[in-house]
Amino acid sequence: MVYYNEIIEKSYEHKKEGDDSVFVTRASSYEDKELRRAVEAIVDAAGGWDEVSPPERPVLVKPNLMAAREPSRAVTTHPALIRVLGELLAARGRDVIIGDSPAGVARGIKRVWEITGAAEAARAAGARLVSFEAEGSVPRPVKSRFVEEVRVTRFCDEATVIGLAKLKTHFLTILTGAVKNCLGVIPGLAKAELHRRAPHPDDFAELLVDLIPALAPRFSFVDGVVGLEGDGPASGDARNFGLVVGGYNAAAVDAVLAHIVGFAPDDVPTVKLSIERGLTPRAPDIILLDAKYSDLVFDDVATPGSLWVKHLPRPLLRFAGRQFIIKPAVKADKCTGCERCVESCPVGAARMVDGVAEIDASKCIECLCCYETCADDAVYLKPSRVARLYYALRDFRHRRRRLRA
Ligand code: SF4
Ligand code: SF4
């Protein structure tokens, strides 16, 4: 369904901060030349480097380094894109800082940097890779029924922030892109506390939208070269979208990402709410740079199981919500007893028993912090019988579609 106001192909005025347009360009691989062209094209359309990153300030590049997973898993922002953006900024004289605070990062951020490739990317770009936990934080007021203030890395005050998110479908928030990426500027376990205060997925989406005015970067890029489809944030399948997306308005960027993966704006709670609050137009203008409209429409993306539940008639929703449960569980033989999951759990549902983690399903609010935190793949998502049936049907539909193609 095409619901966008305007598709501007060639002639457009160069944009500046405050504009809601979303820039989309192709990049079929993480090859250096392609990424440079893609980033330069977006920045040029957005008004140039001085508009995206004012010259007098350092710049904080904020990738999605959700967990210690290799780049091939498509769970984190690809290091080649981190490096290229860092190099291009450094070439214009910017002091480049790179940082993120994944869930449960209190221990082991260096491992995350090494395994995601961020450490090598920062070295190659001559950028400083920083731990938000070690560097101090500053308060930011928030208008929300859940919190009045959050503490963010001090670099939010001292530098221009550029988001570098990953395009993924997500079991809890349906989509993760520019808006959810903002959360990582909050150091340490304070993020888990936000899950505790807003345990229901709709409440959490509301909180994420409440946080946009306080946390949104000046400009957001999204790595959609290879994204993730299905039950992200970590266990979906890599999907080659071949796109890099950018924009000043993180909420507008996510509205376009939703369109790209084939979701209606109302399917994604953060997008729906952002539209209702006037944070983004329902149909932001898309500026296509070296891309055709057909390059950005994917109608066969595997959706997260939770989206299926949302489409049921209301009377069935309460019942199905209880039946369609996917809870984290622990594979005892893989658990190394590191206790990261226990530290990250906001409600005390994860605990250690005889040196092995255990999850109390009756207490679990399904925030997935333990799942994102476990570096040993010991936490997995265990579907209920109804959920398993749904996946079997979905896989069958996909196989049939592939056979026909
Ligand atoms: S499940 Fe085991 S290995 Fe994974 S984070 Fe928890 S304690 Fe560590
Ligand atoms: S056990 Fe449940 S509540 Fe605790 S971190 Fe994991 S998903 Fe969140």
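**Exercise 1. Place strand β2 in its sheet.**

Task: find which residue of β12 is the bridge partner of V22, then work outward along β2.

Solution.
- Step 1. V22 has I286 as its bridge partner in β12. Strands here are DSSP E runs of at least two residues, numbered from the N terminus.
- Step 2. β2 and β12 (residues 286-289) run parallel and are joined by four bridges. Two strands pair if DSSP finds at least two bridges between them.
- Step 3. β11 (residues 237-247) runs antiparallel to β2, with five bridges. There, L243 is the partner of R26.
- Step 4. Check burial. Five of the five residues of β2 (residues 22-26) are buried. Buried means 20 or more other C-beta atoms within 10 Å of the residue's own, with C-beta atoms placed from the backbone; exposed means 12 or fewer, and partly exposed lies in between.
- Step 5. Split the faces. V22, V24 and R26 lie on one side, F23 and T25 on the other, and both faces are covered.

The model is predicted: local features need pLDDT of at least 70, side-chain atom pairs count only at pLDDT 80 or more, and totals for chains, interfaces and linings use all residues. Residues are numbered from 1 along each chain as its sequence is written, while chains are lettered from A and ligands numbered from 1 in the order in which they are written.

**Exercise 2. Trace the largest nonpolar core.**

Task: state how many residues the largest nonpolar core has, and which have the most contacts inside it.

Solution.
- Step 1. The core has 121 residues. Such a core is a set of buried Ala, Val, Leu, Ile, Met, Phe, Trp, Tyr and Cys residues joined through C-beta atoms within 7 Å.
- Step 2. V24, I42, I212, V245 and L257 have the most contacts inside this core. At least three of its residues come from each of domain 1 (7-296) and domain 2 (312-404). These bounds come from an automatic or database domain assignment.
- Step 3. Take I212. Beyond its neighbours within four places in sequence, I212 contacts V179, C182, A250, A251 and L279. Contact means backbone-placed C-beta atoms within 7 Å.

**Exercise 3. Compare the ligand shells.**

Task: list the closest residues and the class make-up around ligands 1 and 2.

Solution.
- Step 1. Ligand 1 has 14 residues around it, with C335, C338, C341, A357 and C374 closest. A residue is near if its backbone-placed C-beta atom lies within 6 Å.
- Step 2. Ligand 1's shell holds eight nonpolar, three polar and three charged residues. Ala, Val, Leu, Ile, Met, Phe, Trp, Tyr, Cys and Pro count as nonpolar, Asp, Glu, Lys and Arg as charged, and the others, Gly among them, as polar.
- Step 3. Ligand 2 also has 14 residues around it; C345, A349, C364, C367 and C370 come nearest. Its shell has 12 nonpolar, one polar and one charged.

Definitions and conventions. Two residues are in contact if their C-beta atoms, placed from the backbone, lie within 7 Å.
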